[in-house]
Amino acid sequence: MKLLVTGGAGFIGSNFIRYWLEKYPSDQIITLDSLTYAGHLSSLSDIEKNPNYAFVKGDITDPVIVDELVSQVDTIVHFAAESHVDRSVKDPLVFVKTNIIGTQTLLEAAKKHGNKRFHHISTDEVFGALTLGTDAKFDENTPYDPRSPYSASKAGSDHLVRAYFHTFGLPITITNCSNNFGPYQDTEKFIPRMITNLLQGEKVKIYGDGLYVRDWLYVLDHCSAIDAVLKKGKIGDTYTVGGLTKDYSNLDITMMILKMMGKDESSIEYVTDRPGHDRRYAVNWSKINKELDWSPSADFDFRLQETITWYNSNQSWWKDMKITSENFYKNK
Ligand code: NAD
Ligand code: TDX
């Protein structure tokens, strides 16, 4: 296969490229990434000399570069996005540009060049929020109810991807997954922010009462889910992907990390809540489990400990970005 991976210098994209080239070493990957604040070439430094890998710096909203690259591949795996909810509260416009116009630019090129296979990476946040203390979960039939500029722009991109399937017969699939964690995640996100704060002797910052619930998916499990959908997924279909079977609040996760890092509750600082903060996400992943035989590979606690070890051993990877992310939080 020859793949165009958008957003390959980001968290999940870089993990996906590494996963794919290890598993399918004769496949070829071109990645298109504009290297925003969230794009880090250092996440791909072990891959840059691989003859089956090429990096192109460019924007997914640029039809010229997108057209040229799409013409060279058979499959597009679309990760590139503005992905941080807090940033979407501060500056929604760039989310509309990248997430909606960028996706449409890619879809148009895929259509023009003979209906190329298109896999779109999306989020469970398009489904809105669930009530705390219930067993309700998001699945493929949950109505859309996005509540932040980020999730609204991702919802818009999902609708466009489905529209190109119904209107033009573009061979698409979509995955809507939960919160990823693991190596190479930017320190602006919850789990790496907590770990790196503690490694630097700082307190962790908990929004509001800390009783918000997310479903946590180990990033390489997400990559294997995308692999299953690309190889065996039904064209036109959506798959919801999650990692947990029970609820953990942000505070529960904080307590686990504090314990694993030999700290206690005195390292917690409660800070102002996020506006419009979604209370609870939970994902029913039984469709991808039954139809494509996918499931998460290990327990959450095991992967969390591995992630802490990775951040401890790779401080040079995150030291500079930590300054950028904490500056963002100071000025938001
Ligand atoms: P990220 O923010 O770490 O990386 C995004 C990458 O896209 C960066 O390398 C950035 O430079 C690039 N990019 C941004 N705008 C671009 C543009 N206009 N043109 C070209 N490149 C551009 O994001 P991530 O966490 O790796 O998320 C990847 C995808 O997965 C996104 O579509 C996101 O919505 C989705 N997703 C993420 C999570 C999560 O927990 N991280 C969960 C569900 C879905
Ligand atoms: O310092 C913090 N303190 C805190 O309490 C940060 C950074 C976050 N939080 C809370 C907010 C959320 O309840 O932790 C939870 C997770 O926050 P984020 O890491 O910002 O993730 P979230 O907003 O849930 O969105 C993530 O998962 C779904 C990704 O950033 C999205 O791209 C993805 O679609």
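These legends describe close-up views of a predicted model.

**Figure 1. Ligand 1 and the residues around it.** The shell of ligand 1 holds 28 residues. The closest are I12, D33, S83, Y150 and K154. By class, the shell divides into twelve nonpolar, 13 polar and three charged residues.

**Figure 2. Polar contacts of ligand 1.** At D33, a polar side-chain atom lies 2.5 Å from an oxygen atom of ligand 1. The backbone also takes part: an N or O atom of F11 lies 3.1 Å from an oxygen atom of the ligand. T98 faces a nitrogen atom of ligand 1 instead, with an N or O atom of the T98 side chain 3.1 Å away. Taken alone, ligand 1 exposes 830 Å², and the protein buries 96% of that. Four elements give two or more residues to the shell of ligand 1: α1 (11–23), β5 (117–123), α5 (149–168) and β7 (179–181). The largest share, three residues, comes from β5.

**Figure 3. Ligand 2 and the residues around it.** Ligand 2 is surrounded by 20 residues. E125, Y150, K205, R274 and H277 are the closest. Y150 is also listed among the closest residues to ligand 1. The shell of ligand 2 divides into seven nonpolar, six polar and seven charged residues. At least two residues each come from α6 (190–199) and β8 (204–207). β8 gives the most, with three residues.

**Figure 4. Polar contacts of ligand 2.** A polar side-chain atom of T123 lies 2.7 Å from an oxygen atom of ligand 2. Y207 contributes through its backbone, where an N or O atom lies 2.9 Å from a ligand oxygen. For K189, the distance from a side-chain N or O atom to an oxygen atom of ligand 2 is 3.4 Å. Taken alone, ligand 2 exposes 650 Å²; 94% of that is buried by the protein.

**Figure 5. Aromatic pairs.** The whole structure contains 20 aromatic pairs. One of them joins W20 and Y24 in a tilted arrangement, 4.4 Å centre to centre, with 45° between the planes. W20 and Y24 are buried. W285 and W294 form an edge-to-face pair, at 5.6 Å centre to centre and 80° between the planes. Both W285 and W294 are buried.

**Figure 6. An aromatic cluster.** Ring pairs link F181, F190, W216, Y218, Y248 and F300. Two of these rings also sit in elements that line the ligands: F181 falls within β7 (179–181), which gives residues to the shell of ligand 1, and F190 falls within α6 (190–199), which supplies residues to the shell of ligand 2.

**Figure 7. Lysines over aromatic rings.** K231 lies over the face of Y24, at 4.1 Å from the ring centre. Y24 also pairs with W20. K319 lies over the face of W318, at 5.4 Å from the ring centre.

**Figure 8. L35, a residue with positive phi.** Most residues other than glycine have a negative phi. In L35, phi is near 55°, a positive value. L35 is found in the loop between β2 (28–33) and β3 (53–57). L35 is partly exposed, with a relative accessible area of 24%.

**Figure 9. D293, a second positive phi.** Phi of D293 is near 60°, again positive in a residue other than glycine. D293 has its place in the loop between α9 (286–292) and α10 (300–313). A relative accessible area of 66% makes D293 exposed. W294, by contrast, is buried.

How values were computed
Residues are numbered from 1 along each chain as its sequence is written. Chains are lettered from A and ligands numbered from 1 in the order in which they are written. This is a predicted model: local features need pLDDT of at least 70, side-chain atom pairs count only at pLDDT 80 or more; totals for chains, interfaces and linings use all residues. Side-chain values use heavy atoms; hydrogens and water are left out. Rings of Phe, Tyr and Trp (its six-membered ring) pair if their centres lie within 6.5 Å; planes under 30 degrees apart count as stacked, over 60 as edge-to-face and the rest as tilted. Buried means under 20% relative accessible area, exposed over 50%, partly exposed in between (1.4 Å probe, protein chains only). A charge sits over a ring if NZ of Lys or CZ of Arg is within 6 Å of the ring centre and within 35 degrees of the ring normal. A residue is near a molecule or strand if one of its heavy atoms lies within 4 Å of it. A polar contact is a pair of N or O atoms within 3.5 Å; within protein, one must be able to donate a hydrogen and the other to accept it, and residues adjacent in sequence count only if both atoms are side-chain atoms. Accessible areas come from the Shrake-Rupley method with a 1.4 Å probe; for residues, only the protein chains shown count as cover. Ala, Val, Leu, Ile, Met, Phe, Trp, Tyr, Cys and Pro count as nonpolar, Asp, Glu, Lys and Arg as charged, and the others, Gly among them, as polar.
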